[in-house]
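The exercises below concern one protein model. Each task is followed by a solution that proceeds step by step.

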Amino acid sequence: NYRAGMREIHVLAIFMPLIEVFGAATLAIVIYFGGSRVLHDAISLGVLVAFISYMRMFFRPIRDLAEKFNILQNAMASAERLFLIMDSNERIPEPVTEAAGPDQSFKGLRFEHVDFAYLPGEPLLRDINWRARAGETVAIVGPTGSGKTSIINLIARFYDPAEGSILWNGHDLKSIPVSALRSKMALVTQDPTLFSDTVKANIWRHEKHPSEKEIEAVLKASNCASLVARLPQGLDTPLTGGGSTLSSGERQLLSIARAFASNPQLIILDEATSYIDSRTEKEIQDALAALLTGRTAIVVAHRLSTIRKADRILVLDQGRIIEAGTHDVLMRKKGFYFRLNHQQTCVGPECALWLHEKHGKE
């Protein structure tokens, strides 16, 4: 793209001045020969002025055509990209026979020897095996690029694994319709998506007319009651630009309220507390605690302090689960999770020296 852009600039840098030179040369010729005719009274001065105007009128459309052709080529390239997207068929395949998994109460989610790669030949997840039982909170931690968000993408079935299987209530996700699967889970991300609609429509996406009792219960549980009360039109306040008029914490509270309203069987938190302001941090933590109560949850977190109470912690590194257990068990192992925890909680030059002495070689 850079090289093509540079060639375009070079062509325009030559073409446009060349047209200007031709225009100036033509004008000089007209003035030279026309001026001599005027001096010899062969033609009138008005005829010469008319010819000069004609020459200017002749070259102006040529310059405009060159500019318009450049714009047209850019538009054609953009149109080609749009048609490629419209013609692509990369949808997740729907099952031929529908499994009854999501219609039942949630019993568990299991990964069995799952491999995954976004690009062929570049595996990201390798032989992933773990299980989330009903009512458990499973946390997934690890360095950037270890595959945490990829696991979330597989659970929500944005992608299918290259090898292995993911089971919901004992049924492979590939045998469950995507809409039925996603209706049973709630995904709260670090950058929540809000639609250009009212606050009420953003929270209750599928239920057009929730009862007053349901509205009150959801707003109270998600700590959104005070936020809605501050808005000029309450729940009927329209949101534009993806909720750009709200703070990051307020957008996060609305996404938590949306999760409450859907009453999901599985909660997925993908860095849900990464970009929040201090004013609403306590409200978000309380809302998340209420949301997770009695529900199965999968939590991806960078800040390890937020997942210490998880029933199980999976430690990912380079696409593999290298450690698993509770916070206390992993801390006693003094392995990879232990080092991650100390890197976040230990501060000061003495701490840095201690970490280097203890784990520098590793």
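**Exercise 1. The protein as a whole**

How much area does the protein expose, and what percentage of it do carbon and sulfur atoms supply?

Solution. The model is a predicted one.
- Step 1. The exposed area of the protein is about 21,500 Å².
- Step 2. Carbon and sulfur atoms supply 57% of that area.
- Step 3. Turning to burial, 39% of the 362 residues count as buried.
- Step 4. The secondary structure consists of 12 helices and 10 strands.
- Step 5. Of the contacts between residues at least 6 apart in sequence, 69% join residues at least 24 apart.

**Exercise 2. The enclosed space**

Identify the largest cavity, its volume and the residues that line it.

Solution. Rolling a probe the size of a water molecule over the atoms shows where empty space is left.
- Step 1. With a threshold of 30 Å³ or more, the count is one cavity.
- Step 2. The volume of the largest cavity is about 50 Å³.
- Step 3. Its lining is formed by Leu154, Arg157, Tyr159, Asp160, Pro161, Ser165, Ile166, Asp172, Leu173 and Lys174.
- Step 4. Sorted by character, the lining of the largest cavity has five nonpolar, one polar and four charged residues.

**Exercise 3. Leu154 and its helix**

Where does Leu154 lie, and is Leu154 buried or exposed?

Solution.
- Step 1. Leu154 belongs to helix H3, which spans residues 148-155.
- Step 2. Its relative accessibility is 1%; the cut-off for buried is under 20%, so Leu154 counts as buried.
- Step 3. Seven of the eight residues of H3 are buried, and the helix is thus mostly covered. The buried residues are Lys148, Ser150, Ile151, Ile152, Asn153, Leu154 and Ile155.
- Step 4. Beyond its neighbours within four places in sequence, Leu154 is in contact with Phe111, Val114, Phe116, Leu125, Tyr159, Asp160, Pro161, Ile166 and Leu173.
- Step 5. Leu154 and Ile166 are 12 residues apart along the chain, and their C-alpha atoms are separated by 8.2 Å. Both residues are part of the lining of the largest cavity.

**Exercise 4. Two positive phi angles**

What is the sign of phi at Arg157 and at Asn263, and where along the chain do these residues lie?

Solution. Most residues other than glycine have a negative phi.
- Step 1. Arg157 has a positive phi, near 60 degrees. Arg157 comes just after H3, in the loop between H3 and strand S4 (163-168).
- Step 2. The relative accessible area of Arg157 is 1%, so this residue is buried. Arg157 also helps to line the largest cavity.
- Step 3. Asn263 likewise has a positive phi, near 45 degrees. Asn263 is located in the loop between H8 and strand S7 (266-270).
- Step 4. The relative accessible area of Asn263 is 55%; the cut-off for exposed is over 50%, so Asn263 is exposed.

**Exercise 5. Aromatic pairs**

How many aromatic pairs does the structure hold, and why is the pair of Phe111 and Trp130 classed as stacked?

Solution.
- Step 1. There are eight aromatic pairs in the structure.
- Step 2. The ring centres of Phe111 and Trp130 are 5.0 Å apart and the planes meet at 20 degrees; stacked requires planes under 30 degrees apart, so the pair is stacked.
- Step 3. This pair links distant parts of the chain, since Phe111 is in strand S1 (residues 108-116) and Trp130 in strand S2 (residues 125-133), 19 residues apart.
- Step 4. Phe111 is buried at a relative accessible area of 1%, and Trp130 is buried at 6%.
- Step 5. The rings of Phe116 and Tyr118 have centres 4.7 Å apart and planes at 80 degrees, so this pair is edge-to-face. Phe116 is buried at 4%, whereas Tyr118 is partly exposed at 39%.
- Step 6. Ring pairs join Phe116, Tyr118 and Tyr159 in a cluster.

**Exercise 6. The largest pocket**

What is the volume of the largest pocket, and which residues are closest to its centre?

Solution.
- Step 1. The largest pocket holds about 750 Å³ of space.
- Step 2. Of the 23 residues in its lining, Arg182, Met185, Ala186, Leu187 and Arg258 are the closest to the centre.
- Step 3. Strand S6 (185-189) and helix H8 (248-262) are the elements that give two or more residues to this lining.
- Step 4. The lining of the largest pocket comprises 12 nonpolar, six polar and five charged residues.

Key
Residues numbered from 1 in each chain as written. Predicted model: local features only at pLDDT ≥ 70, side-chain atom pairs only at ≥ 80, totals over all residues. Heavy atoms only, no water. 1 Å grid on protein atoms, 1.4 Å probe; cavity = no way out; pocket = protein on both sides within 12 Å on 5 of 7 lines; lining within 4 Å. Points joined across faces, edges and corners; volume = space filled by probe spheres on them. Nonpolar A, V, L, I, M, F, W, Y, C, P; charged D, E, K, R; others polar. Helix = DSSP H or I, 4+ residues; strand = E, 2+ residues; numbered from the N terminus. Buried < 20%, exposed > 50% of the residue type's maximum accessible area, 1.4 Å probe, protein only. Contact = heavy atoms within 4.5 Å. Phe/Tyr/Trp six-rings, centres within 6.5 Å; stacked < 30°, edge-to-face > 60°. Areas by Shrake-Rupley, 256 points an atom, 1.4 Å probe, with all protein chains shown as cover.
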